Amino acid sequence: MDIPIEVDLLKEKLGDKVIEYGSIKPKRIYVKIDKSIVKDAVNMLVSQGYTHISTITGLDTGRGLEVLYHLDRMGSLITVRVDIPYDNPKLPSITDIIPGAVLYEGEVRDLFGVSFEGNPYPKPIVLPDGWPEGFHPLRKVYKVDDVKKIIIEHEVGAPQIEVEEGRGAVYIPIGPQHPALKEPIGLRFVVEGEYIVKVKARIGYNHRGIEKAMENQTYIQNLILTERICGICSVAHTQCYVLAVESALDLDIPERARYIRVVMNELNRIHSHMLWMGVAGHEVGFDTVLMYTWRDREYVLDILEAISGNRVTYSINVIGGVRRDIPDDLKDRIIKTMDYVEGRAKLYMDLLSRDPSFTRRTVGVGKASTVDALTLCAVGPTARAFKVRKDIRKDDPYEAYGEIPFEMVVVDNCDVAGTFIVRAKEILESAGIVRYALEHMPSGDYRVKAPRRVPQVEAIARIEAPRGELVHYLKGSGGEQLERYKVRTPTLANIPFVAKMLEGCNVADIPIVFAAIDPCMACEDRMEFIDESKGLVWTWSLEDLRAYRKLREKGSISKPIEYIDRFGGGLNVV
Amino acid sequence: MSFEPELLKHAFKKPFTLLYPFERRETPKGFRGRIEYDMTRCTGCGLCARDCPSGAIEMIGRGRTAEFKVHLYMCTFCGQCADSCPVNAISLTNEYEYASTDKSKLIFEFKRPVEKKT
């Protein structure tokens with residue numbers, strides 16, 4: 001296997017501290033280093049172009065802990081491995097080199113107890129508040145029952161959002177809960193007047209412990225479980241899972257299965273982007289868009305149902321291929337639907353780019369620079385709207401994507417309107433991919449038999465989910481159950497960046513800017529405001545926020561407190 | 001402004017949604033509904049119960065005399081049992097209406113057919 005020159009350079013410069021390096025698969029390189037040179041090594045790799053951090057994985061090997069930094073450059077992934085002992089699990093934070101690593105470090109700290117010195121988030125990120133010190137659920141000494149016991153015994157509640165000292169500034173924590181994504185999000189805003197000064201993310205409100213659960217199930221059961229990580233990108237998660245397992249098994253799947261998977265992935269992307277368009281329309285108060293796009297989305301869901309037998313969870317990907325074939329009589333129907341979808345996507349793009357009620361809420365809103373998107377490691381359509389050329393389908397092709405011609409949609413709008421254009425154009429590209437894949441689908445088998453046991457190897461799979469780069473990490477145990485599984489969803493990667501986008505925005509623009517990353521919305525159903533100068537705390541629903549925005553646009557009120565005086569909206573603590 | 005022709009078009013159309021429960025959608029071929037055992041084929045290997053991700057299939061007894069209890073309220077309708085079955089004894093029906101306030105109504109039992117003596 002070819003080792004890139006950067007790794008040899010690393011060895012040359014850092015000498016004995018680089019313990020070993022090698023490559024198991026193409027585009028997957030690992031470097032094992034001593035913990036004293038983590039920062040030097042990451043610094044060197046970043047200067048060589050490995051600026052994007054895909055995720056940080058924690059491992060409990062039984063002899064100690066291991067931290068894996070997955071750094072990416074144009075599709076090739078370097079895994080920097082660091083061993084740390086149980087009794088002194090300390091590492092320097094790399095957030096000053098790669099700011100986008102902040103949440104990944106927090107996740108490993110919470111779940112494995114590795115303290116990253118210098119990480120700006122000292123509080124728990126994934127775990128709830130009130131969680132006992134020193135209990136790190138993903139360490140192997142703790143079984144699932146122990147975690148359940150802790151939750152009952154310690155009355156662990158939902159994470160609390162703390163208030164910082166400040167003068168006259170308003171803090172707005174946005175309280176989150178959403179069933180569709182593994183990482184529901186809490187965002188705390190520091191606001192001066194109407195403008196957002198600073199945003200801090202707090203996730204973990206609905207952490208379901210899927211990674212721990214997967215360690216106790218068979219590979220087949222896990223396949224069904226991964227599908228339920230997210231309801232909207234359910235193909236994406238199983239796709240990534242089967243890629244990881246097949247890569248660990250060194251299993252080649254039939255050509256036809258690879259094309260069927262591409263069709264499913266792209267249909268999934270189309271309906272996900274249509275759903276997003278509706279949500280975006282809803283967030284700017286343009287519900288007609290919601291009605292139309294969601295109606296058109298039903299046609300896509302109908303063909304997905306006809307292929308797989310269900311509207312939402314398709315259960316189509318299995319280890320070794322796909323479960324069902326796409327029969328020839330369905331092909332015409334799919335192609336017809338694609339024609340319809342293309343027409344509609346063009347129509348929406350045309351209508352909405354001219355419609356003042358949409359453009360005035362999106363153009364120039366949520367501005368950030370390309371450099372921010374790169375350093376904060378944004379992924380997917382969000383990054384591509386900010387002129388970042390990053391698409392796993394092109395950079396690190398999986399399944400049949402390497403053989404299918406399509407364009408990577410990149411625009412340089414650098415605002416919320418850009419994310420709309422990227423998604424609308426991607427619907428067109430996806431429809432083209434579906435059509436090409438159906439026309440060029442090879443004949444033959446669509447499934448091979450896969451063993452039930454996976455050897456003791458590691459595999460990292462990456463795909464382009466509708467929301468961006470999705471990373472799954474697998475470590476097999478040699479048996480029917482896996483040793484460790486790690487999922488990094490695209491929304492987690494985009495949170496540091498959306499925080500940046502929100503800075504300088506209006507309070508009224510929070511819903512649409514936050515929706516721009518397609519975070520599986522509903523997270524914003526409850527907001528809490530604190531006005532320290534008056535000692536008031538109140539809670540507003542999204543309806544209150546909308547009403548407030550409307551009144552403010554009319555000019556009848558100018559401050560949140562006036563809204564409360566007139567309508568008494570949600571004032572609960574004085 | 002630009003939405004007006006679109007809106008006019010829809011003013012004369014019937015609603016896109018179905019008037020459930022008066023109108024029912026036809027399920028497509030291959031719909032993944034409740035599972036059904038063909039007990040004459042079943043060999044009692046137990047793969048269905050072992051692979052079920054939610055533990056909805058309860059196997060009573062072993063081998064050729066085994067019987068099954070399907071706890072439908074736990075079922076995720078993934079179809080893995082039908083996929084795992086080596087003798088194709090499990091099929092997926094197109095029944096999907098199972099809302100109930102009584103859990104016991106959602107337990108389906110599949111017993112061995114009584115063998116006729118000739």
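**A guided tour of the two-chain model**

Begin in chain B by selecting B:C52, B:I57, B:C75, B:C78 and B:C81, the residues nearest the centre of the largest cavity, which has 15 lining residues in total. The model is a predicted one. The space enclosed at this first stop amounts to about 120 Å³. Its lining consists of 11 nonpolar and four polar residues, with no charged residue. A search of the whole structure returns seven cavities of 30 Å³ or more.

Next, select B:Y37, B:C42, B:T43, B:G44, B:C45, B:G46, B:C48, B:F68, B:C85, B:V87, B:A89 and B:I90, which together line the second largest cavity. The volume here is about 70 Å³. Nine of the lining residues are nonpolar and three are polar, while none is charged.

**The boundary between the chains**

Now display both chains and colour them separately. How many residues of chain A are in contact with chain B? There are 33, and they meet 25 residues of chain B. The area buried between the two chains is about 2,400 Å², and carbon and sulfur atoms contribute 46% of that area.

Six salt bridges are counted between chain A and chain B. To view one of them, select A:D302 and B:R25, whose side chains form a salt bridge with an N to O distance of 3.0 Å. Polar contacts between the chains involve 19 residue pairs, counted where both residues have pLDDT 80 or more.

Which helices of chain A should be highlighted on the side that touches chain B? Select α6 (219-227), α9 (287-308) and α10 (328-354), each of which supplies at least two residues to that side. The largest share comes from α9(A), with 10 residues. By class, the side of chain A that touches chain B comprises 12 nonpolar, eight polar and 13 charged residues.

**Two points in the backbone**

Most peptide bonds are trans, and most residues other than glycine have a negative phi. The last two stops depart from these patterns.

Return to chain B and select B:Y20 and B:P21, which are joined by a cis peptide bond with omega of about 10 degrees. B:P21 is located in the loop between α1 (4-11) and β1 (35-37) of chain B.

Finally, move to chain A and select A:E399. Its phi is near 45 degrees, a positive value in a residue other than glycine. A:E399 is found in the loop that runs between α14 (392-395) and α15 (416-439) of chain A.

Methods: Residues are numbered from 1 along each chain as its sequence is written. Chains are lettered from A and ligands numbered from 1 in the order in which they are written. Side-chain values use heavy atoms; hydrogens and water are left out. On a 1 Å grid over the protein atoms alone, a cavity is a set of points where a 1.4 Å probe fits but cannot get out, and a pocket is an open set with protein on both sides within 12 Å along at least five of seven lines; lining residues have an atom within 4 Å of a point. Grid points are joined across faces, edges and corners, and a volume is the space filled by probe spheres set on the points. Ala, Val, Leu, Ile, Met, Phe, Trp, Tyr, Cys and Pro count as nonpolar, Asp, Glu, Lys and Arg as charged, and the others, Gly among them, as polar. Contact means heavy atoms within 4.5 Å. Buried area is the accessible area (1.4 Å probe) that two parts lose on being put together, summed over both. A salt bridge is a side-chain nitrogen of Lys or Arg within 4 Å of a carboxyl oxygen of Asp or Glu. A polar contact is a pair of N or O atoms within 3.5 Å; within protein, one must be able to donate a hydrogen and the other to accept it, and residues adjacent in sequence count only if both atoms are side-chain atoms. Helices (H or I, at least four residues) and strands (E, at least two) are DSSP runs, numbered from the N terminus.
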